[in-house]
Every structure is written in C-alpha cells, then in structure tokens.
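Please look through the model below with me. I have some questions about the names given to its parts and the reasons behind them.

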Amino acid sequence: METKTYLYNTLTKKIEEFQPNEPGKVNMYTCGPTVYHFAHIGNLRSYIMEDVLEKYLRFVGYDVTRVMNITDVGHLSSDGDTGEDKMLAGAKREKKTVMDIAKFYTDAFFEDCRKLQIKRPDVVEPATNCIDEFIEMIQVLLEKGYAYIAGENVYFDTAKLDDYYVLSSQNEEELQVGVRDDVEEDTNKKNKTDFVLWFTKSKFDNQELKWDSPWGVGYPGWHIECSSISIKHLGEYMDIHCGGVDNIFPHHTNEIAQSEAYLGHKWCNYWFHINHLNTKGGKMSKSKGEFLTVSLLEEKGYNPMVYRMFCLQSHYRKPLEFSWEGLDNVATAYEKLMKRIKAVTEEGTVDEAVLQEYKVKFAEAVGNDMNTSMGLTILYDVLKADTNDATKRAILTSIDEVLSLELDKAWEEEKGADAELTAYVEQMIAERAAAKKEKNFARADEIRDELKAKGILIKDTREGVVWELC
C-alpha cells in the first residue's frame with residue numbers, strides 16, 4: 001500500500017516518518033510481562049496499543065517479526081537493584097515454586113490477550129531459557145571495560161558512556177536512587193546510575209533460581225534479558241522497541257547502554273512508549289491495590305472488546321483515566337455499533353476501487369502516530385458511505401484486521417440464527433413426513449400450522465418439501 005507511516009520516537013522526542021533498516025521488513029520488540037501475578041488492565045493497555053502497531057504495519061504491507069520476552073527471573077521489587085525478586089515474592093505469596101508461578105501467570109497473561117484479540121508475538125522467550133546468552137553478553141561487556149565486579153556482583157559502568165540519558169533526558173542531579181519503593185543506595189556501585197548485570201549467591205541466598213557463572217552461582221539482572229533476547233532473535237539492528245512509559249527509565253535506558261556497548265553501534269531506531277492508565281487516585285498499579293483484571297471486567301458483565309475500544313478511543317501517548325461510567329459509555333457505543341454492522345447485508349458486488357480508497361484513508365489516519373480514534377471515525381464513515389453493503393462489509397472486515405474489535409461476530413450471530421432456524425424447520429418437516437407416512441394427517445396439518453404461525457411457509461413439490469419465510 002502506497003502510504004507513509006509516522007511515529008513519535010521517544011529517542012528523538014519528535015514525530016518522524018518510519019523507515020525500517022531493511023525495506024519492507026520490520027524487526028519489533030515488546031517488553032513482556034513479569035509473570036508473578038495477573039496483568040491488570042493498565043498493563044494490558046500497553047499490549048493493546050503495541051498489538052495495533054504490529055497489525056497496522058502488516059496492514060500496510062510490512063513483513064513484521066515481533067519478539068517478546070517473559071520475565072520469570074531477575075526483576076526486583078525496586079529499580080535500585082535492591083529488594084526481593086518479584087517471582088520469589090509471588091512464589092511465597094502462593095506457597096508454590098517459582099516455575100509453577102511463572103507457568104500459571106504466563107498462561108493467564110496469554111488468555112487475557114486472547115480475550116482482548118491481542119496477537120501472540122512471533123517469538124516469545126522466557127528469560128530462564130537464555131542464561132548462556134546473558135553470560136556471554138556480560139563477559140563481552142567485562143572484556144570491553146564497560147562492566148566491573150564489586151561485592152561479587154557484576155555491574156555496568158555508566159560513566160563509560162558519553163550520553164547515558166539519551167532516551168530519558170534526565171541528568172545525574174535529577175536522578176533518584178530508586179523510582180519504585182524506598183531503596184537504599186548500593187555502596188558497591190561506582191556511580192549511582194550503575195546497574196547490576198549479574199547477582200551472586202552471596203547477595204541473595206534465598207533466590208530459588210540460580211545458575212553457575214564465571215562470577216559465582218547467581219542469576220541475571222532484569223535489564224540484560226531484553227537486550228540478549230532481542231539480539232538473539234532479531235540480530236544486531238532493531239527497528240522498533242515498545243513498552244510503557246514507566247520502562248523509559250531505567251529499564252530502556254539501561255538496555256540501550258548495554259546493547260550499544262556490546263555491539264559497538266546504534267541498536268534501535270524507534271522507541272514506542274504507551275502512557276499510563278490512571279484512576280482518579282493516579283497510576284494503576286498492583287502495589288496500590290487497584291487491581292482491575294480482564295476477568296473482573298467479565299464478571300461485571302463487560303465484553304473484553306469494550307475495554308479494547310475504550311483504549312482505542314484515546315491516543316496512546318496521553319494518560320487515560322479509567323472509570324466505570326466511562327466504560328459504560330463505551331459499552332453502549334459498542335452495542336450500537338454492532339447493531340449497525342449487523343444490518344449491513346451481503347447484497348451487491350464488492351467495488352474494489354471503493355475498498356482500496358477506504359483502506360488508504362484508514363491507513364493514512366492511523367498511520368499518523370497511531371491515531372486509533374481517527375481509525376474508529378473511518379469505521380463509522382464506512383457505515384454512512386454511499387456504496388453497496390457487500391463493499392461496506394469488505395471494508396469493515398479489512399480495517400478490523402487492525403482494530404480487532406470482532407466486528408464479524410455481528411454477522412456470525414446472524415448466521416448462527418439462520419443455522420438454528422434451518423435445523424428447526426428441517427426437524428419439523430421430518431416429523432411431518434413421518435406423521436403422513438403413519439397416516440396421522442391431523443398431526444401433519446398441526447406441524448404445517450405451527451410453522452406458518454412462526455412465519456414459515458412449507459410447500460409440497462415434486463422435488464420434495466421446500467420452505468420460505470413469509
């Protein structure tokens with residue numbers, strides 16, 4: 001499709017025309033969940049918008065390879081490299097093993113994604129699968145002088161970089177020691193911005209998952225996994241890296257630092273960040289107890305597509321405030337939309353020129369920095385368009401490849417009703433035939449009258465019994 005895509009790039013702080021490293025091909029990485037608990041709907045806002053981005057790129061003709069990690073080790077409860085591993089905390093909470101916790105919540109995450117029509121990435125890699133890759137990367141960083149050993153842990157030396165804050169636009173004076181929880185400064189660090197690449201047994205004896213390494217028995221830090229996993233599956237050059245705005249610092253900042261030190265060149269060209277879902281009390285988070293899940297929405301009677309549409313109505317770079325009243329409004333809008341779509345028949349022949357015209361309109365609207373609200377506007381424009389229903393159906397089906405609001409279910413319900421009616425009529429015709437064979441003509445007439453009362457007219461012909469709605 002001849003159309004341009006524009007994205008806001010966190011790296012350059014401006015909207016740019018998207019141009020991948022290799023024409024027609026996109027290497028895309030998504031920071032995956034830390035699977036110690038259910039994902040809340042704030043987490044899932046990010047995955048919905050990343051899903052739209054991937055599907056849009058495919059819609060306009062790119063060959064997309066998307067990779068996502070699963071964090072099942074190494075993510076501590078503080079950004080200051082202190083506190084307890086979140087996976088261990090989850091295991092203690094539920095009195096299960098870490099791997100049992102990881103499997104349960106990984107499955108739960110992908111079930112939520114299924115309900116929200118979020119496509120599973122092409123590659124999903126748990127951190128525990130890649131210990132050898134982490135060790136190899138850390139060894140190279142030590143050899144190049146970008147890392148050092150202190151207190152038996154391995155740290156990345158941020159002082160060796162010309163611009164550590166290239167992504168976050170912070171400076172050392174503004175930097176907090178830790179941005180989650182109250183944390184104490186790690187005295188092993190040469191600089192307060194340094195971060196752990198490998199923890200040893202000497203620091204966390206209670207860690208359930210540990211591996212041998214050149215620096216002692218231990219486990220990897222959180223930041224190293226995304227760099228290693230992306231390079232393993234996408235190579236040395238990446239087009240788009242996605243995540244929530246809370247990943248910008250320190251996680252994505254640290255990813256850039258270690259990846260480019262390891263590779264010796266620029267690593268990723270475009271950084272795509274989604275803003276928070278807030279409540280009136282502020283950012284939604286598990287630690288604050290505001291724990292709204294997809295399952296909870298379903299228990300309250302909401303179709304998961306209502307929450308997806310709720311997210312699509314807002315721009316991904318703006319904070320979105322959740323309220324039950326707001327969700328109710330979207331639920332009403334979605335129900336009305338599906339009723340209008342159900343009324344679109346298959347009548348006519350698809351006008352290919354009109355179909356292409358609307359696909360381009362949609363691509364240009366959404367391609368302006370993932371403007372999904374304008375994409376929804378195009379959807380409503382289709383319903384009002386001066387074209388036949390077959391063409392409308394084709395357009396709606398096409399653009400729903402990106403929006404993924406399950407619009408086709410409006411027609412599936414209709415087909416389901418038709419199939420149920422057909423089965424009922426055929427059963428009654430069979431009963432009538434059996435009654436006539438037994439010379440029970442009164443029963444045969446009763447069946448005919450019952451069908452007629454339901455608006456179904458049957459006729460006996462040489463070819464057999466036929467029926468029609470009257």
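Q: What makes the largest nonpolar core a core, and which residues have the most contacts inside it?
A: This is a predicted model. A nonpolar core is a set of buried residues of certain nonpolar types, joined through side-chain atoms within 4.5 Å. The largest such set here has 133 residues, and L57, I240 and Y307 have the most contacts inside it. Helix α1 (residues 41–59) gives the most to this core, with 10 residues.

Q: Which residues is I240 in contact with, leaving aside its neighbours within four places in sequence?
A: Contact means heavy atoms within 4.5 Å. Among the residues that I240 contacts on these terms are L7, F18, V26, L53, L57, C268, Y270 and F272.

Q: What is said of a second core?
A: It is separate and has 7 residues, including I429, L451, I456 and I458.

Q: How do you know that strands β6 and β7 pair?
A: Two strands pair if there are at least two bridges between them. Strand β6 (residues 147–150) and strand β7 (residues 153–156) are joined by 4 bridges, so they count as paired, and they run antiparallel. One of the bridges has A150 facing its partner N153 in β7. The hairpin has 2 residues between its strands, and G151 takes a positive phi near 60° there.

Q: How do you know that β7 and β8 pair?
A: The same cut-off of at least two bridges applies. β7 and strand β8 (residues 195–200) have 3 bridges, so this antiparallel pair also passes. V154 stands opposite W198 in β8.

Q: Why are β6 and β9 said to stand at the edges?
A: The 4 strands form an open sheet in the order β6-β7-β8-β9, with antiparallel pairing. β6 and β9 (218–220) each have a single partner strand, so one side of each is left without a neighbour in the sheet. From one strand to the next, the twist averages 25°. Helix α4 (residues 131–143) packs on the sheet and touches β6, β7, β8 and β9, its direction making about 120° with that of β8.

Q: What makes a space a cavity, and how many of 30 Å³ or more are found?
A: In a cavity a 1.4 Å probe fits but cannot get out. The search of the whole structure finds 2 of 30 Å³ or more. The second largest has a volume of about 90 Å³.

Q: Which residues lie nearest the centre of the second largest cavity?
A: Of its 11 lining residues, these are L76, S78, D81, W222 and H223. β8 and α5 (222–234) each supply at least two residues of the lining.

Key: Residues numbered from 1 in each chain as written. Predicted model: local features only at pLDDT ≥ 70, side-chain atom pairs only at ≥ 80, totals over all residues. Heavy atoms only, no water. Buried < 20%, exposed > 50% of the residue type's maximum accessible area, 1.4 Å probe, protein only. Axes fitted to C-alpha atoms, helices over the stretch in contact; angles between N-to-C directions. 1 Å grid on protein atoms, 1.4 Å probe; cavity = no way out; pocket = protein on both sides within 12 Å on 5 of 7 lines; lining within 4 Å. Points joined across faces, edges and corners; volume = space filled by probe spheres on them.
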